[in-house]
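These are my notebook entries on a single chain. I set down what I looked up, entry by entry, beginning with the aromatic rings.

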Amino acid sequence: LTNEAMGGGLAGSDLVMGCLLVFLAHATPYYLAARLMDELVPDGASRAMPRTVTLFLLILSVAALLAAIGGSLALVQSGLMRWDEFKIGLLPWMIGDFAGALVLGAPLVSMLARVNNRLDLDAPRLTPPGGIPCSNSGLDLFC
């Protein structure tokens with residue numbers, strides 16, 4: 001969305017604040033979902049893979065719903081979207097977020113694990129999704 005698409009009725013500072021509000025309302029559920037997954041999934045989760053995948057899908061579904069609701073409410077609150085458009089955009093936003101996170105989640109975790117391991121950060125040594133060592137997994141692109 002842009003200010004022009006919404007009729008150009010917002011001042012520049014209001015538009016920036018609206019965009020910041022949308023970002024926070026949209027990103028917070030995913031941050032909380034990642035923290036919850038970190039707490040619920042044990043290290044070396046390859047033995048509990050069905051449970052891990054099920055938790056991931058359930059938590060991701062809730063996070064996508066909350067992100068869509070929060071983002072839409074932030075758009076309405078900031079004047080970038082009318083209230084009557086709230087319901088229209090909610091389901092496509094949720095489905096798009098869910099699909100994007102589902103498709104990009106594993107490669108992003110693998111790339112972050114690679115960066116963490118190569119830089120030898122203070123975080124625990126990470127393994128790509130499924131607990132499969134990179135040398136045997138075919139995920140060498142991410143290792």
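**Entry 1. Aromatic pair**

I counted 1 aromatic pair in the chain, taking rings of Phe, Tyr and Trp (its six-membered ring) as paired if their centres lie within 6.5 Å. The partners are Trp-83 and Phe-86, with ring centres 5.0 Å apart and planes at 15°, so I entered the pair as stacked. For the record, planes under 30 degrees apart count as stacked, over 60 as edge-to-face and the rest as tilted.

I then looked up the accessibility of both partners. Trp-83 is exposed at a relative accessible area of 57%, whereas Phe-86 is buried at 12%. The terms are these: buried is under 20% relative accessible area, exposed is over 50%, and partly exposed is in between (1.4 Å probe, protein chains only).

**Entry 2. Basis of the values**

I note that this is a predicted model, in which local features need pLDDT of at least 70 and side-chain atom pairs count only at pLDDT 80 or more, while totals for chains, interfaces and linings use all residues. Residues are numbered from 1 along each chain as its sequence is written, and side-chain values use heavy atoms, with hydrogens and water left out.

**Entry 3. The chain as a whole**

I found 4 helices and 0 strands, and the pattern along the sequence reads α-α-α-α. Helices (H or I, at least four residues) and strands (E, at least two) are DSSP runs, numbered from the N terminus. The chain has 143 residues, of which 26% count as buried. Among the chain's contacts with a separation of 6 or more, 58% are between residues 24 or more positions apart; contact means heavy atoms within 4.5 Å.

**Entry 4. Helix H2**

H2 covers residues 49–77, which is 29 residues. From first C-alpha to last I recorded 41 Å, close to the 42 Å expected at 1.5 Å a residue; the expected span is 1.5 Å times one less than the number of residues. Gly-79 follows H2 and has a positive phi, near 85°.

Ser-72 is in H2 and is buried at 1% relative accessible area. What does the side chain of Ser-72 reach at 2.9 Å? I found that it reaches the backbone oxygen of Ala-68. Leaving out residues up to four places away in sequence, Ser-72 touches Met-81, Phe-86, Leu-90 and Trp-93. Phe-86 is thus a contact of Ser-72 as well as a partner in the stacked pair.

Leu-75 also lies in H2 and is buried at 8%. Its C-alpha is 9.6 Å from that of Ala-25, 50 residues apart along the chain.

**Entry 5. Helix H3**

Asp-97 is placed in H3, which runs over residues 86–119. Which side chain of opposite charge is nearest to Asp-97? I found Arg-35, 19 Å away; Asp-97 is buried yet has no salt bridge. Lys and Arg count here as positive and Asp and Glu as negative, while His and the chain ends are not counted.

The side chain of Asp-97 does make a polar contact with the side chain of Tyr-30, at 3.0 Å. A polar contact is a pair of N or O atoms within 3.5 Å; within protein, one must be able to donate a hydrogen and the other to accept it, and residues adjacent in sequence count only if both atoms are side-chain atoms. Tyr-30 is also among the residues that Asp-97 touches, together with His-26, Ala-64 and Ala-67, when residues up to four places away in sequence are not counted.

I also looked up Ala-99 in H3, which is partly exposed at 36%. The C-alpha atoms of Ala-99 and Leu-60 are separated by 9.7 Å, the two residues being 39 residues apart along the chain.

**Entry 6. Salt bridges**

How many salt bridges does the chain hold? I counted 2, a salt bridge being a side-chain nitrogen of Lys or Arg within 4 Å of a carboxyl oxygen of Asp or Glu. Arg-82 pairs with Asp-84 at 3.5 Å, N to O, and with Glu-85 at 3.2 Å, N to O. Shared partners join Arg-82, Asp-84 and Glu-85 into one network.

Accessibility within the network varies by residue: Arg-82 is partly exposed at 49%, Asp-84 is exposed at 53%, and Glu-85 is partly exposed at 22%.
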